[in-house]
Amino acid sequence: MKKILTAASLLIASVSGSAAVTVPKYDIAKGKVIAESVCGACHGVNGVSTVPAQPNLGGQNVKYLYKQLTEFKSGARVNPIMSAQVAKLNDQDLANVAGYYASQPRWGVGYANPAYAPVAQKLYYGGNSTRGVIPCAGCHGGKANGNDLAAFPRIGGQHSAYIATQLKLFRAAGREDEVTDPSQTRMNDAAKKGDKGMMQIVASKLSDNDIKVLSDYISGLH
């Protein structure tokens, strides 16, 4: 019961923190111009990336997109390539491009390895109470469509390579791995400053095999 209550309290704290994201009124047409000139090479002008290491963005939660862009801009999320791309964009530009990609049709799904499904399903829908892993579905939904209000992203159908990389970055932050390059870790919101966020806590419990089967399974969810 204690573990259930702890997981529930973490979820509530995470929802309350992310739900505060407010996206300025945006102009989709202006966002398209930015997508064509700045973002399209990696993410596709329509938000469908042909590069497995780069995420699909079409139809993604606008709050999530805007929040990530502002954090690349501020340095709260460390990625040298993205920081360089948003350096000359102002807050309105970021809102416009987030709104544009959110307005695009949702990307399709990948082809998951059925051999991984039994193990991955248990983790995704049931977690692992022995190791303190809470279910992914609790935040991202049964079909991995995310949560628009809480700004939790859609991850279903996302490139498995991208998902695996992000889980490893969250894990490195959660385990406080000693890395010299801050771009090798990823943080997310916590209930209070100085605490670890939900994804760091969850990912810190995952093994390499957990990440492999989960990222593959999620890539085929829809």
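A crossing of two helices is called right-handed if the near helix is turned clockwise from the far one by less than a right angle. Keep that in mind for the first close-up, and remember throughout that this is a predicted model.

**View 1. Helices H3 and H5 pack against each other with a right-handed crossing.** Two packed helices are described by the angle between their axes and the distance between the axes. Here, H3 (residues 62–74) and H5 (residues 91–103) meet at an angle of about 145 degrees, and their axes are 8 Å apart. Which residues of H3 make the contact? They are Val62, Leu65, Tyr66, Leu69, Thr70 and Lys73. From H5 come several partners, among them Leu94, Ala95, Val97, Ala98 and Tyr101.

**View 2. Lys63 is a buried lysine without a salt bridge.** We're still in helix H3, this time at Lys63. How far away is the nearest side chain of opposite charge? That side chain belongs to Asp148, and it sits 8.8 Å from Lys63. A salt bridge needs the nitrogen and oxygen to be within 4 Å, so Asp148 at 8.8 Å doesn't make one with Lys63. Look instead at the backbone oxygen of Leu149, which is 3.2 Å from a polar atom of the Lys63 side chain.

**View 3. Lys67 and Glu71 join up inside helix H3.** Their side chains form a salt bridge, with N and O 2.7 Å apart. The two residues are 4 apart in the helix, which is about one turn. Buried or exposed? Lys67 and Glu71 are both buried. Now add Asp189 to the picture: Lys67, Glu71 and Asp189 are linked in a network of salt bridges. For the whole model, the salt bridge count comes to 5.

**View 4. Asp210 and Arg131 form a salt bridge between distant parts of the chain.** The N-to-O distance for this pair is 2.6 Å. Asp210 belongs to helix H10 (residues 208–218), while Arg131 is in the loop between H6 (117–126) and H7, 79 residues apart from its partner. How much of each residue is accessible? Asp210 has a relative accessible area of 6%, so it counts as buried. Arg131, at 34%, is partly exposed.

**View 5. Lys196 and Glu176 pair up in the loop between H8 and H9.** Their closest N and O atoms are 3.0 Å apart, and they form a salt bridge. Both residues lie in that one loop, so the pair ties together parts that are 20 residues apart in sequence. Lys196 is partly exposed, with a relative accessible area of 32%. Glu176, on the other hand, is exposed at 57%.

**View 6. Ala151 and Glu176 each have a positive phi.** What is the phi of Ala151? It is near 65 degrees, and Ala151 isn't a glycine. You'll find Ala151 in the loop between H7 (137–140) and H8 (160–174). Glu176, already met in the previous view, has a phi near 55 degrees, again a positive value in a residue other than glycine. The loop holding Glu176 runs between H8 and H9 (198–203). Their surroundings are worth checking too: Ala151 is buried, with a relative accessible area of 6%, whereas Glu176 is exposed at 57%.

Definitions and conventions:
Residues are numbered from 1 along each chain as its sequence is written. This is a predicted model: local features need pLDDT of at least 70, side-chain atom pairs count only at pLDDT 80 or more; totals for chains, interfaces and linings use all residues. Side-chain values use heavy atoms; hydrogens and water are left out. Buried means under 20% relative accessible area, exposed over 50%, partly exposed in between (1.4 Å probe, protein chains only). Lys and Arg count as positive and Asp and Glu as negative; His and the chain ends are not counted. A polar contact is a pair of N or O atoms within 3.5 Å; within protein, one must be able to donate a hydrogen and the other to accept it, and residues adjacent in sequence count only if both atoms are side-chain atoms. Axes are lines fitted to C-alpha atoms, for helices over the stretch in contact, and angles run from 0 to 180 degrees between N-to-C directions. Contact means heavy atoms within 4.5 Å.
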